[in-house]
Amino acid sequence: MIRFESDYLEGALPEIMTRLNETNFVQTAGYGNDPYCAAARDKIKAECRSDTADVHFLVGGTQTNMTVIAAALRPHQGVLAAETAHIGVHETGAIEATGHKVLPLSAPDGKISAAQVEKYVLDHRADESFEHIVQPAMVYISQPTETGTVYSLAELRDISNVCRKLDLLLYIDGARLACALAVEGAPTMADMAELCDVFYIGGTKHGALFGEAVVIIRDELKRDFRYLIKQRGGMLAKGRLLGIQFDTLFTDGLYYKVGEREVALAKKLRSAFEKKSIEFYYPSPTNQLFPVLTERQIEALSENYSFSVQQRTDTGTVVRFCTSWASRDEDVDRLIKDIERL
C-alpha cells in the first residue's frame with residue numbers, strides 16, 4: 001500500500017537525521033537555550049528580514065496554535081477564522097479549551113477576505129448588546145489553507161490593513177508554509193513578517209521529525225511567552241533537537257527545496273487527473289489535491305493507495321491526495337498510470 005493520505009507519515013529528511021546523529025553526544029543546556037537553537041533563530045530572522053522578531057520552537061502544531069492564541073487574547077475575546085480552519089475542525093476544541101471561542105466565517109475555497117473580517121467586526125461593534133457577545137480580537141488564517149489554497153500578497157495585504165485599521169491581531173498558521181512559498185506570487189516570509197503580528201513555520205509536515213517555529217513580530221505578544229509555552233505543553237526539555245532540525249531546514253535553502261518538490265509532484269498528479277476530465281473540489285496549487293471521484297474510481301485506486309475521503313457531493317466524493325517530502329518519484333509515476341486506467 002502506497003500512502004498519500006497525509007504529508008507527515010515518514011520519519012525525517014536524511015539531512016536532519018545526519019545532523020541529529022552527528023550531535024547525539026554533544027552536551028548542551030536544555031529548553032532551547034543552546035547554540036543550535038540560537039543558530040536556527042538567526043537564520044529564520046534573516047529570512048524574515050527582522051532583527052527584532054522573537055523566534056520560539058514548539059513541539060507541534062496544536063500546541064503552537066493553542067499557546068499563541070491563549071497568549072494573545074483576553075478571556076472575553078475570540079478568534080475569527082475560516083469555517084474550514086484547522087483550529088476549528090481539527091484540534092478537538094483545543095482553542096475553546098483555553099477559554100477562547102473560534103468565530104467561523106464562510107470560506108468556499110478555504111480563504112476568508114478582508115471584507116468579511118471588516119463586516120463581522122463592525123457588525124459586532126454596532127450591536128447594542130456587544131458586551132454580551134464574544135469580542136472578535138484576532139484573525140487566524142492558514143498559509144496554505146486547509147483546502148490547499150494560497151493567499152496572494154494582495155489578499156494578505158488587504159487583510160493586514162483591515163486588522164490594523166480595526167486593531168485586530170493577525171496570526172498565520174504556516175504548518176505547510178514551504179508549499180505556499182513554492183507557489184508563484186505567494187507572500188514571502190519577509191512579507192509575512194511585515195504584514196502580520198505572529199506566524200509559525202511548519203516543520204512537522206516538511207521533513208522534520210516534529211516541531212514548529214513561532215515568529216513573534218508584535219512586541220506586546222513577546223512578554224512571558226516562554227512561560228506560556230511551558231504551561232501549554234509545547235516546550236521540549238531536549239530543545240536542541242528542535243534547533244538542530246530548523247537549523248538544518250534553513251541551511252542551503254533546504255526548506256524551500258522541500259516545498260518545491262512536494263508541489264512539483266502534486267502538479268504531476270493534478271495533470272493526470274485533469275487528463276481524465278476529473279474535476280477538483282478546491283483549486284489547490286499546493287501539495288494537497290481534492291479530486292471528485294466516483295465510487296468505482298475510489299474502489300479501483302484503493303486497491304494500491306491510501307488517501308482520505310473528505311465529503312460526498314452531488315457529483316461524487318471529494319478525496320484528498322497529499323504529496324510529501326518523502327514521496328518517491330516511482331510511486332507518483334505508478335499512481336499516474338493507475339489514474340490513466342480509470
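## Helix α11 and what covers it

Start with helix α11, residues 240–249. In this predicted model, the buried residues of α11 are covered by a set of elements that includes α1 (14–22), α2 (35–48), β2, β7, β8 and α12. So helices and strands both appear in that list.

How many of the ten residues of α11 are buried? Nine of them are, so the helix is largely enclosed by the rest of the structure. The buried ones are Arg240, Leu242, Gly243, Ile244, Gln245, Phe246, Asp247, Thr248 and Leu249.

## The seven-stranded sheet

Now for the sheet. Seven strands make up an open sheet, and if you walk across it you meet them in the order β2-β8-β7-β6-β5-β3-β4, with mixed pairing. At the edges sit β2 and β4 (102–105), each of which pairs on one side only. On average, neighbouring strands here are turned by 25° against each other, if you ignore direction. Helix α6 (residues 114–126) packs on this sheet and touches β3 (77–82), β4 and β5. The direction of α6 makes about 165° with that of β5.

A bit of background helps here: strands of a sheet pair through backbone hydrogen bonds, and they can do that in a parallel or an antiparallel way. You can find both kinds in this model. β6 and β7 are a parallel pair with four bridges, and Gly174 has Ile201 in β7 as its bridge partner. β7 (residues 198–202) and β8, on the other hand, run antiparallel and are joined by five bridges.

## A closer look at strand β8

Strand β8 covers residues 212–216, and five of the five are buried, so this strand is largely enclosed by the rest of the structure. On one side, β2 (residues 54–58) runs antiparallel to β8 and is joined to it by five bridges; here Phe57 has Ala213 as its bridge partner. In the pairing with β7, Gly202 stands opposite Glu212.

Which way do the residues of β8 point? In a regular strand, side chains alternate between the two faces of the sheet. You can see this kind of pattern in β8: Glu212, Val214 and Ile216 point one way, while Ala213 and Val215 point the other way. Both groups are buried.

## The nonpolar cores

The largest nonpolar core contains 86 residues, and the ones with the most contacts inside it are Ile44, Val139, Phe199 and Ile201. Another core, of 21 residues, lies apart from it; Ile2, Phe307, Val319 and Leu335 are among its members.

Let's zoom in on Ile201. Leaving out residues up to four places away in sequence, Ile201 touches Ile44, Gly174, Leu177, Met189, Glu212, Ala213, Val215, Phe246, Phe250 and Tyr255. Some of these names should be familiar: Glu212, Ala213 and Val215 belong to β8, and Phe246 is one of the buried residues of α11.

## Some unusual backbone spots

Most residues other than glycine have a negative phi, and most peptide bonds are trans. Here are some places that go the other way. The peptide bond from Gln143 to Pro144 is cis, with omega near 0°, and Pro144 sits in the loop between β5 (135–142) and α7 (153–165).

Asp167 is not a glycine, yet its phi is positive, at about 60°. You'll find Asp167 in the loop between α7 and β6 (169–174). Ser277 also has a positive phi, near 60°, and lies in the loop between α12 (254–275) and β9 (288–289).

Are these residues buried or exposed? Asp167 is exposed, with a relative accessible area of 57%, and Ser277 is exposed too, at 64%.

Conventions: Residues are numbered from 1 along each chain as its sequence is written. This is a predicted model: local features need pLDDT of at least 70, side-chain atom pairs count only at pLDDT 80 or more; totals for chains, interfaces and linings use all residues. Side-chain values use heavy atoms; hydrogens and water are left out. Buried means under 20% relative accessible area, exposed over 50%, partly exposed in between (1.4 Å probe, protein chains only). Helices (H or I, at least four residues) and strands (E, at least two) are DSSP runs, numbered from the N terminus. Two strands pair if DSSP finds at least two bridges between them. A nonpolar core is a set of buried Ala, Val, Leu, Ile, Met, Phe, Trp, Tyr and Cys residues joined through side-chain atoms within 4.5 Å. Contact means heavy atoms within 4.5 Å. Axes are lines fitted to C-alpha atoms, for helices over the stretch in contact, and angles run from 0 to 180 degrees between N-to-C directions.
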